[in-house]
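I am opening a notebook on a structure that is new to me, and I want to write down what I look up as I go. The entries follow the order in which I turned to each part.

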Amino acid sequence: MTAAQWRILALLVACSFICLVDRTNLSVGATAIQLDLRLSDYQLGLLLSAFFVTYASFQLLSIAGWLAERFPVGWVLGTGFLVWSLATAFSGAATGFAGIFALRLLLGAGESVAYPAYARILVHHFPEERRGLANALIDAATKAGPSLGTLLGGLFLMRYGWRPFFVVLGCLGAAWLVPWFRWMPRGASVAAPRDEPAPGVADILRQRAAWAAALGQFCANYFWYFLITWLPGYLEKERHFPKDKMAYFGSAAFFLIGIVSVSSGWLADAWIRRGGTPTVVRKTFAGAGLALSTIIVPVALARDERAAMALLWAACVAFGIYTPTIFAMTQTLAGPRAAGKWTGLQNGFANLAGVLAPALTGWIVQTTGRFYLAFVVAGAVALAGALFLTLGIGRIEQVWGDRVRLVNGAPQGLPH
């Protein structure tokens, strides 16, 4: 990759990291917020789900995808980033359930443009055999965000409390906008035919691959959002870990997913460069990763703390095998002219899992008094995701009749 490509990718990785820190900060401070504001487990579950109401709906209704394709994508991503940073900072001043709920809705609206923007940038500026690593690095940042956020956030909360935590995160994150507006990608890198209209929402919804990819990602997202919203609470409530111990063990789980994601993305790209087809390569990583993630089920049954943590980390390693694959699949299937819309629709539907997983888990814990059934549901849904992605999708290739080529065989249009 060129220096310009690496610079843009580094900024996307940083954006993704900050995005997930801001998205998961409520989980880190959940017990403190619940105690301070006198919230029930069900109310806490609703707060954890609120973000995904706007995040998913803005993508599912094609608002985010339309913005990413209709306007300069760099400005769309930058504006969304500013909105969610302000929502994070002002959360520290909220005095009740309604205030935090409203700010979580605003946070979701701001972050909804992120993945459609990533997809449009990657499909225009990175060839197929480089997208595995590019997506893996962005995905690894989504795991490093909760990892470091859980670790440092837990330690910060012990000393300063949850309100300064939100204010500091919102203000520090906004500093990303300075290099972004200087180096964001401008122009297009793909010579798409101009005499044919870009595929619309109806065209995408006619594709079996679009439905299978969306269902597969929904299942994987359920597993992921179960982890990032309730793992800290599980470690504190059922394993009786103190805040600092929860921070270390929880962050280690998310860190493992990120490390394995980067390794898997690099291996997948290497396999494709050596002759492997995207169909075989992407499906192998996606299917194996999600199927093996079911190792998480016995975590809740293990009485020995070390055995439970070993099983948890093994499940996270397996999930990391899957994570760089889903958007690499989507970018190839959609092609340059539909990447933003397709990714927005798919990611919007898939992130309804973010509404379901926290609320359902909260209901299960409140009803049964245990986390066991919640772990069983997460494992079963992950297995279903493996089936959707391996059996529901056909060949991993652009579904439209024309095949858009990179200009002169190489990405174009990045700033130098």
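**Entry 1: Asp269 and its helix**

I began with Asp269, which is buried, its relative accessible area being 2%. I note at the outset that the model is a predicted one. Asp269 belongs to helix H13, and the record of the loop before that helix gives its range as 243–273.

I then looked up what Asp269 touches, leaving out residues up to four places away in sequence, and found Glu128, Glu129, Arg130, Arg131, Gly132, Leu133 and Arg282. I also checked the distance from Asp269 to Ala334, and although their positions lie 65 residues apart in sequence, I read 19 Å from C-alpha to C-alpha.

Two further residues of this helix went into the entry. Ala270 is found in H13 and is buried, with a relative accessible area of 10%, while Ile259, in H13 as well, is partly exposed at 44%. For Ala270 and Gly258, which are 12 residues apart in sequence, I noted a C-alpha to C-alpha distance of 19 Å. For Ile259 and Leu151, which are 108 residues apart along the chain, the C-alpha atoms are separated by 16 Å.

**Entry 2: Thr332 and Glu397**

Next I asked which residues Thr332 is in contact with, once its neighbours within four places in sequence are left aside. The list I found is Glu128, Arg131, Ile396, Glu397 and Gln398. Glu128 and Arg131 had already come up in my first entry, as residues that Asp269 touches. Thr332 itself lies in helix H16, which covers residues 325–334, and because its relative accessibility is 9%, it counts as buried.

I followed the contact list to Glu397, which I located in the loop between helix H19 (372–392) and strand E2 (405–406). Is Glu397 partly exposed or buried? Its relative accessibility is 32%, so I entered Glu397 as partly exposed. I also looked up its distance to Leu333, and the two C-alpha atoms are separated by 5.1 Å although the residues are 64 apart along the chain.

**Entry 3: helix H12**

I moved on to helix H12, which runs over residues 208–237, and wanted to see whether its length fits its residue count. With 1.5 Å a residue, I would expect the 30 residues of H12 to span 44 Å, and the end C-alpha atoms are 42 Å apart, which agrees. The helix does have a kink, however, of about 55° at Trp230, shortly before the proline Pro232. I counted how far H12 is covered, and since 26 of its 30 residues are buried, it is largely enclosed by the rest of the structure.

**Entry 4: H12 against H1**

How do the axes of helix H1 and helix H12 cross? The axes of H1 (residues 3–28) and H12 come within 7 Å, and they cross at roughly 45°. Angles of 65 to 115 degrees would count as roughly perpendicular and those under 35 degrees as roughly parallel, and H1 and H12 are therefore oblique to each other. On the H1 side I listed Leu20, Arg23, Thr24 and Ser27, and on the H12 side Trp224, Tyr225, Ile228, Thr229 and Pro232, as the residues that make the contact. By kind, the residues of this contact divide into 5 nonpolar, 3 polar and 1 charged. Pro232, which I had met beside the kink, is thus also one of the contact residues of H12.

**Entry 5: two loop residues with positive phi**

I looked up two residues in loops whose backbone angle caught my attention. His240 sits in the loop between H12 and H13, and it has a positive phi of about 60° although it is not a glycine. His240 has a relative accessibility of 62%, so it counts as exposed. Arg38, in the loop between helix H2 (30–37) and helix H3 (41–60), likewise has a positive phi of about 60° without being a glycine. At 77% relative accessibility, Arg38 counts as exposed.

**Entry 6: helix H17**

My last entry concerns helix H17, residues 339–350, whose 12 residues should span 16 Å at 1.5 Å a residue, and since the end C-alpha atoms are 16 Å apart, the two values agree. H17 is mostly covered, with 11 of its 12 residues buried. Among the buried residues I noted Lys341, Trp342, Gln346 and Asn347, together with Gly340, Gly344 and Gly348.

Methods. Residues numbered from 1 in each chain as written. Predicted model: local features only at pLDDT ≥ 70, side-chain atom pairs only at ≥ 80, totals over all residues. Heavy atoms only, no water. Axes fitted to C-alpha atoms, helices over the stretch in contact; angles between N-to-C directions. Helix = DSSP H or I, 4+ residues; strand = E, 2+ residues; numbered from the N terminus. Parallel < 35°, antiparallel > 145°, perpendicular 65-115°, else oblique. Contact = heavy atoms within 4.5 Å. Nonpolar A, V, L, I, M, F, W, Y, C, P; charged D, E, K, R; others polar. Expected span 1.5 Å × (residues − 1). Bend = angle between axes of the 7 residues up to and from the residue. Buried < 20%, exposed > 50% of the residue type's maximum accessible area, 1.4 Å probe, protein only.
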